[in-house]
Amino acid sequence: MTNLFTRLKSVTKQMLMPEEHEKPVTEFAYNTLPWIDKKDADITAFVQKYTTGKNLPYDLAEKMKFWRENGYVILDQAISTDWLDQLWSEIEELIRHHEKYHTNVRIDLPEYQENPVQSVKDVPESVLNGPYLKFNDFHSNSVIGKEIMLHKNIVTFLEAVFGDKVIGMQSLLFKYGSQQATHQDFAYVVSEIPSHLAASWIALEDIHIDSGPLFYYPGSHTVNKFNFGNGIFFNTKSTLNPSDFAVYLDETCQKAGLQKKTLLIKKGDVLIWHAALAHGGEEIRNPALTRKSFVCHYSSDSAYRHHRQSPNTEPVRRTINGADVFVNPIMPDQEDIFADGKTA
Ligand SMILES: O=C(O)CCC(=O)C(=O)O
């Protein structure tokens, strides 16, 4: 492990942020890939030496082999439902007494098109309770949110996959299905080493097929990358857009014979996906159905060294299960205002 950590750190020093590259980036740089994505990855040997993975409710070697092949894993009943109920009760309080809080939400409704990101205090309760809305970085406000994001069952797996300490980067919390088009996260969530990225999708209730469940293409983490006209990251200089990205991914996965799967998991189950797994949200067929979920994005210590909203300051870290999450530099007074998780 030590050698691997040292090697990754020296690679990072030479890394340029993607926008600083002279030529557009069209693929992940092979030498910066997490070790598990390289040709010679010996998972059996790794797990024999990896002591942190003991006492897990799953077989780490089996999950890692599945990940390498398919670009995702599902951890059954990985998180206590009491913790998830606590998290949801905090969201209900946030919605009910929204005037007191500053958490940001993103609203994808026509009337918010000009300014889709708003503070909850300025958004009516009816909108906060409805679809087309996600709560941004609620883990910053909530101790139990951080505990869930950096749960041992998630962190141990990701630490093994990255071969590095895990950093919780950001989170999204949904009451309803996102209905988001097919995408791969690395195009939108960019760390200093773009392949050092993963996400967890934590079911806060049993997922119904008509609620707009998550879908994904097993094995899609290895398909050729889409070029937005200026490389693999979507930004203001891109000449192609997220709809083009979705069409490309659906067609490419179909041509490669990859079967689309629907995620119908139970409360407390967790899906973890690879930076390049193609996924999205199905259409909501029954608008009365909620689809409560907490989505967390992660990187490695080598690849994410500053909070995205304050790249020039040293982050204030919270450590849980050997992983870090940075205190929100924009709203320090809102950090951990929901503190009940301290007793969890
Ligand atoms: O939960 C969903 O429907 C989509 C979430 C997602 O795609 C993401 O956060 O990258």
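Here is a friendly conversation about helix H3 and a few residues of this predicted model.

User: Why is H3 called oblique to H7?

Analyst: Helix H3 (residues 60–70) and helix H7 (residues 152–162) pack at an angle of about 55 degrees, and their axes are 11 Å apart. Roughly parallel would need an angle under 35 degrees, and roughly perpendicular runs from 65 to 115. The angle fits neither group, so H3 is oblique to H7. The crossing of H3 past H7 is right-handed.

User: Which residues make the contact between H3 and H7?

Analyst: H3 brings Leu 60, Lys 63, Met 64 and Trp 67, while H7 brings Phe 157, Ala 160 and Val 161.

User: What makes one residue of that contact count as charged?

Analyst: Lys belongs to the charged group, together with Asp, Glu and Arg, and Lys 63 of H3 is part of the contact. The division comes out as six nonpolar, no polar and one charged.

User: How do you know whether Asn 70 is buried or exposed?

Analyst: Asn 70 lies in helix H3. Its relative accessible area is 17%, and buried means under 20%, so Asn 70 is called buried. Leaving aside neighbours within four places in sequence, Asn 70 is in contact with Pro 218, Gly 219, His 221 and Leu 277.

User: Which other residues of H3 are buried, and what covers them?

Analyst: Leu 60, Ala 61, Lys 63, Met 64 and Trp 67 are buried along with Asn 70. The cover of the buried residues of H3 includes helix H2 (43–49), strand S1 (72–75), H7, strand S6 (198–203) and strand S9 (270–274).

User: What makes Asp 59 a cap for H3?

Analyst: A side-chain oxygen of Asp 59 lies 3.1 Å from the backbone nitrogen of Ala 61. A polar contact needs N or O atoms within 3.5 Å, so this pair meets the distance limit. Asp 59 caps the N-terminal end of H3. After H3 comes Gly 71, with a positive phi near 80 degrees.

User: Why is Gln 77 called partly exposed?

Analyst: The relative accessible area of Gln 77 is 48%. Buried is under 20% and exposed is over 50%, so Gln 77 falls in between and is partly exposed. Gln 77 sits in the loop between S1 and helix H4 (81–96), and its phi is positive, near 45 degrees, though the residue is not a glycine.

User: And why does Gln 179 get the label partly exposed?

Analyst: With a relative accessible area of 28%, Gln 179 is above the 20% limit for buried and below the 50% limit for exposed, so the label is partly exposed. Gln 179 is placed in the loop between strand S5 (166–174) and S6. Its phi is positive too, about 55 degrees, in a residue that is not a glycine.

Methods:
Residues are numbered from 1 along each chain as its sequence is written. This is a predicted model: local features need pLDDT of at least 70, side-chain atom pairs count only at pLDDT 80 or more; totals for chains, interfaces and linings use all residues. Side-chain values use heavy atoms; hydrogens and water are left out. Axes are lines fitted to C-alpha atoms, for helices over the stretch in contact, and angles run from 0 to 180 degrees between N-to-C directions. Helices (H or I, at least four residues) and strands (E, at least two) are DSSP runs, numbered from the N terminus. Angles under 35 degrees count as roughly parallel, over 145 as roughly antiparallel, 65 to 115 as roughly perpendicular and the rest as oblique. A crossing is left-handed if the near helix is turned anticlockwise from the far one by less than a right angle, and right-handed if clockwise. Contact means heavy atoms within 4.5 Å. Buried means under 20% relative accessible area, exposed over 50%, partly exposed in between (1.4 Å probe, protein chains only). A polar contact is a pair of N or O atoms within 3.5 Å; within protein, one must be able to donate a hydrogen and the other to accept it, and residues adjacent in sequence count only if both atoms are side-chain atoms.
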